[in-house]
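Good morning, everyone. Please look at the sequence and the model on the screen while I talk you through a few places in the chain.

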Amino acid sequence: MFPLRGLTSTPLPPLHLKTSHPLPQLNATISNAITNKFSISDEDLESRGFNLHRKIADLNLDHLNKVFVAVGFPRRDPQKIRLALENTNSLLWVEYKKTQKPVAFARATGDGVFNAIIWDVVVDPSFQGIGLGKAVMERLMEELLEKGIINIALYSEPRVLGFYRPLGFVADPDGIKGMVYSRKKNSKR
């Protein structure tokens with residue numbers, strides 16, 4: 001649905017959650033997340049045939065990899081995916097009960113106190129447009145905000161920025177531009 005890539009050929013500016021410091025004035029989307037008023041409730045997801053998970057136990061990495069590939073990510077080594085997930089602070093994935101396969105996923109890494117970066121927000125293309133991307137993002141945001149983390153960033157392809165804006169994300173309000181490390185191969189002249 002909305003693939004995010006850690007490295008792209010053109011560095012993209014990070015998006016940051018728009019908050020005021022300290023936390024008291026939050027926009028309506030974030031306030032709803034904190035009070036557990038999601039756009040789609042856990043009960044509604046379950047009645048539609050989906051299970052929410054916050055742990056990697058029961059997550060079939062080969063099936064997750066297929067979702068990554070379906071949205072345009074390169075195929076990843078399952079052992080490296082496992083290692084990345086073991087070093088992830090927060091994650092949420094949605095399983096379609098009929099197939100017992102993941103159909104939506106998002107995760108966040110960070111220091112657990114001040115900063116977090118959201119990665120790998122994906123929804124299987126055959127399940128896009130029914131609110132699963134928003135469901136995982138709202139719940140991931142709630143978890144981070146409940147921990148007191150207010151500097152939340154993500155990297156997004158320009159074509160999906162519109163998905164994140166209603167969730168409270170804006171280009172960095174302080175004008176900070178993101179950079180990515182890139183090793184260029186030595187070219188022979």
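Let's start with Lys147, which sits in the loop between α5 and β6. Helices (H or I, at least four residues) and strands (E, at least two) are DSSP runs, numbered from the N terminus. Is Lys147 buried or exposed? Neither label fits, because its relative accessible area is 41%, and that is partly exposed. The cut-offs are these: buried is under 20% relative accessible area, exposed is over 50%, and partly exposed is in between, with a 1.4 Å probe and protein chains only.

What does Lys147 touch, not counting residues up to four places away in sequence? The answer is Asn89 and Ser90. Contact here means heavy atoms within 4.5 Å. Now find Val113, which is 34 residues from Lys147 along the chain. Their C-alpha atoms are separated by 7.0 Å.

A word on the source. This is a predicted model, where local features need pLDDT of at least 70 and side-chain atom pairs count only at pLDDT 80 or more, while totals for chains, interfaces and linings use all residues. Residues are numbered from 1 along each chain as its sequence is written, and side-chain values use heavy atoms, with hydrogens and water left out.

Now the whole chain. The protein chain has six helices and seven strands. Read from the N terminus, the order is β-α-α-β-α-α-β-β-β-α-β-α-β. The protein chain has 189 residues, and 44% of them are buried. Take the contacts with a separation of 6 or more: 72% of them join residues 24 or more positions apart. The accessible surface is about 10800 Å² (Shrake-Rupley method, 1.4 Å probe; for residues, only the protein chains shown count as cover). Carbon and sulfur atoms hold 52% of that surface.

Next, the inside. A nonpolar core is a set of buried Ala, Val, Leu, Ile, Met, Phe, Trp, Tyr and Cys residues joined through side-chain atoms within 4.5 Å. The largest one here has 32 residues. Which members touch the most other members? They are Ile118, Leu132, Met137, Tyr164 and Phe169. At least two residues each come from β3 (90–96), β4 (101–110), β5 (115–123), α5 (132–146), β6 (151–154) and α6 (161–164). Helix α5 gives the most, with eight residues. Another core lies apart from this one. That other core has 14 residues, including Ile56, Leu59, Val67 and Trp93.

Keep Val67 in mind, and go to Ala104 in strand β4. Ala104 counts as buried because its relative accessibility is 1%. Set aside its neighbours within four places in sequence, and Ala104 is in contact with Leu92, Trp93, Val94, Val122, Val123, Leu132 and Val136. Val67 is 37 residues from Ala104 along the chain, and their C-alpha atoms are 8.1 Å apart.

Gln128 gives us another pair with Ala104. Gln128 lies in the loop between β5 and α5. It counts as partly exposed, at 32% relative accessibility. Gln128 and Ala104 are 24 residues apart along the chain, with 8.9 Å between their C-alpha atoms.

On to two helices. How are two packed helices described? By the angle between their axes and the distance between the axes. Helix α3 (residues 61–70) and helix α4 (residues 78–86) pack at about 95°, with axes 10 Å apart. So α3 is roughly perpendicular to α4. Axes are lines fitted to C-alpha atoms, for helices over the stretch in contact, and angles run from 0 to 180 degrees between N-to-C directions. Under 35 degrees is roughly parallel, over 145 roughly antiparallel, 65 to 115 roughly perpendicular, and the rest oblique.

Who meets whom? From α3 come Leu61, Asp62, Leu64, Asn65 and Phe68, and from α4 come Pro78, Ile81, Arg82 and Leu85. By class, that contact has six nonpolar, one polar and two charged residues. Ala, Val, Leu, Ile, Met, Phe, Trp, Tyr, Cys and Pro count as nonpolar, Asp, Glu, Lys and Arg as charged, and the others, Gly among them, as polar.

Last, two backbone angles. Gln100 is not a glycine, yet its phi is positive, about 55°. Gln100 lies in the loop between β3 and β4, and counts as exposed at 59% relative accessibility. Asp120 also is a residue other than glycine with a positive phi, near 55°. Asp120 is found in strand β5, and is buried, with a relative accessible area of 5%.
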